[in-house]
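Here are my notes after a pass through the model. Have a look at it first, then see whether the points below match what you see.

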Amino acid sequence: MEQIFGKGVSKGVAAGPISFYRRPSGEIPRRSVTDTAAKLARFHDACETAKEQLGALHDKALAEAGEDAAMLFEAHQMMLDDLDFVESIEGLIENDRLNAEAAVSDTGAQFAEMFAAMDDSYMQARAADIRDISTRVVGILTGEGESGIVSDVPCIVAADDLAPSETVQLDKSLILGFITAGGSANSHTAILARTMGIPAIIGAGDALQAEMEGKYAIIDGQTGETVIEPDDAERERLLKKQAKEKALKELLDQLKGKPNETRDGRNVMVYCNIGSPADIDAVLQNDGGGIGLFRSEFLYLQGSDYPTEDEQFEAYKTVAERMGGRRVIIRTLDIGADKQADYFHLDKEENPAMGLRAIRICLTRPEVFRTQLRALYRASAYGKIAIMFPMITSVWEVQEIKRICRNIRAELTEEGVPMADKVELGIMIETPAAVMMSAELAREVDFFSVGTNDLTQYTLAVDRQGVGLDRFFDAHHPAVLRMIRMAAENAHRAGIWIGICGELGADAELTETFLSMGIDELSVSPSAVLPLRSAIRSIDTTTLAPLEL
Ligand code: PEP
Ligand code: MG
């Protein structure tokens, strides 16, 4: 038996085999070859496959994101025909008797270096393209499989850390729990675990060893403890706790169908945060009153190319229909910072959390925004869809967004596409600037939703992903709470409603505080709906002490 400790970020006890998340090694084999003709043929075949892949990407990008985005893939195809590039690789194979993978990799590195050293900034930027195409060809040659979990049975997924794009692609039916060596409580892996209602532990450090692969373990997402191959006593203790949690859940299940009403008769909307249409099952099981935040990024992170308008339409329509007339707030693309999709070809940034992300990408790449908005308005005919925009800092952004929305509505009307008469537009309040401008912003939109994860990060200047910063990432900090109160006051003054969709919304220690502020809606992970309902039903707002902030 072995015990390791980390930080519990999603409650619950899970038991099962440990399975490590696999990534292609990225190692490039290097050896001397004899049959150079066969190796040359391998290289040329790989180039053809790469060109086919690029052709398909070009066509998709052209249809979805316009000529500019598509041109990139055409340029990559042309580079694969560049005589200097090809002859350099052929030379390494024929003359230096190097294997094809190493020849492509070496030439790619050499050409990229050459471009990077040029004076012309356009030519410098080609270095990234060269790296990109040589990585593609090397990937085809090594045939390294896709990333993921290699398990046919449900397992506890272990990893050093998981990127959002990796988490969204996991087969959820195989995940009993998560344990990572690094990570932070506010990372998207932790959020995903809470959405799915499965236990998760982060920060287990070096104690998490590759030799643990396949071993039976029990994790406790509340205490952060993991027991590998537990003895009988430990096993019994933890499984007893699991049974107790189950019993508590059954007790909470009795609240299904009951209102989220305080003792003095005030109703609060309790909605759910979801990351994909598949999460609707959990929303319905837990009696969520609506969707307060649908993180639409999953559509963009799970594939290797822009999701088409039709693909998005289907996803949004499914969610709207399954929620049967209850409000579904879909947040437009919030990519950038920690949520990266390679095909966006975003430049590397020193401070990505303050860089080109979320609404800034949408306002910079109108074709991407247009595709999503068209899909959203089309889906609005099938339920009560509201659209929410992330990372707002200025009034002009909202005015520009509204102008784009009006144009898209007009365009769809002209095409005879059915839409809902009214589609509410809201913004996330997740930057200090949005709070300070909330009086003006409230006059522009139908609702606010406070993103406490980012609002805490930007208010306290603490990276929400930062390892070892959890102590400083204090979402209960008076600065954060005062911000929420200010946004609430300004929302109500303008006659609009305000919710909280960041992780803080589910924090039982603050439910009274939020009710005192007059927060109208709390959007939480599906598993937190019934505990929150229980808390709301126990509060009498007439007896709450005045807020001391
Ligand atoms: C937030 O910032 O609080 C939020 C809800 O958005 P995300 O966690 O997706 O950035
Ligand atoms: Mg956010």
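1. Let's start with two acidic residues: E430 and D454 are both buried. Keep in mind that this is a predicted model. For calibration, buried here means under 20% relative accessible area.

2. Those two residues are also the protein donors of the magnesium ion (ligand 2). E430 contributes an OE atom and D454 an OD atom, at 2.0 to 2.2 Å from the ion. As E430 sits in the loop between β14 (425–429) and α15 (432–436) while D454 belongs to helix α17 (residues 452–460), the pair ties together parts that are 24 residues apart in sequence. If you plan to parameterise the site, note that water is not among the atoms, so it may look incomplete.

3. Zooming out, the domain assignment splits the protein chain into domain 1 (2–21 + 150–251), domain 2 (36–142) and domain 3 (256–543). Between the C-alpha centres of domain 2 and domain 3 there are 40 Å.

4. Next, a strand worth a click: β8, residues 216–220. How many of its five residues are buried? Four are, which leaves the strand mostly covered.

5. β8 has partners to look at. Strand β3 (residues 13–22) runs antiparallel to β8 and is joined to it by five bridges, with P17 opposite Y216. Strand β9 (residues 225–228) also pairs with β8 in the antiparallel sense, over four bridges, and there I219 faces T226.

6. Finally, the turn: β8 and β9 make a hairpin with four residues between them. If you check backbone torsions, G224 in that turn has a positive phi of about 85°.

Conventions:
Residues are numbered from 1 along each chain as its sequence is written. Chains are lettered from A and ligands numbered from 1 in the order in which they are written. This is a predicted model: local features need pLDDT of at least 70, side-chain atom pairs count only at pLDDT 80 or more; totals for chains, interfaces and linings use all residues. Side-chain values use heavy atoms; hydrogens and water are left out. Buried means under 20% relative accessible area, exposed over 50%, partly exposed in between (1.4 Å probe, protein chains only). Helices (H or I, at least four residues) and strands (E, at least two) are DSSP runs, numbered from the N terminus. Two strands pair if DSSP finds at least two bridges between them. Domain bounds come from an automatic or database domain assignment. Donors are N, O and S atoms within 2.8 Å of the metal (3.2 Å for Na, K and Ca); water is not among the atoms, so sites may look incomplete.
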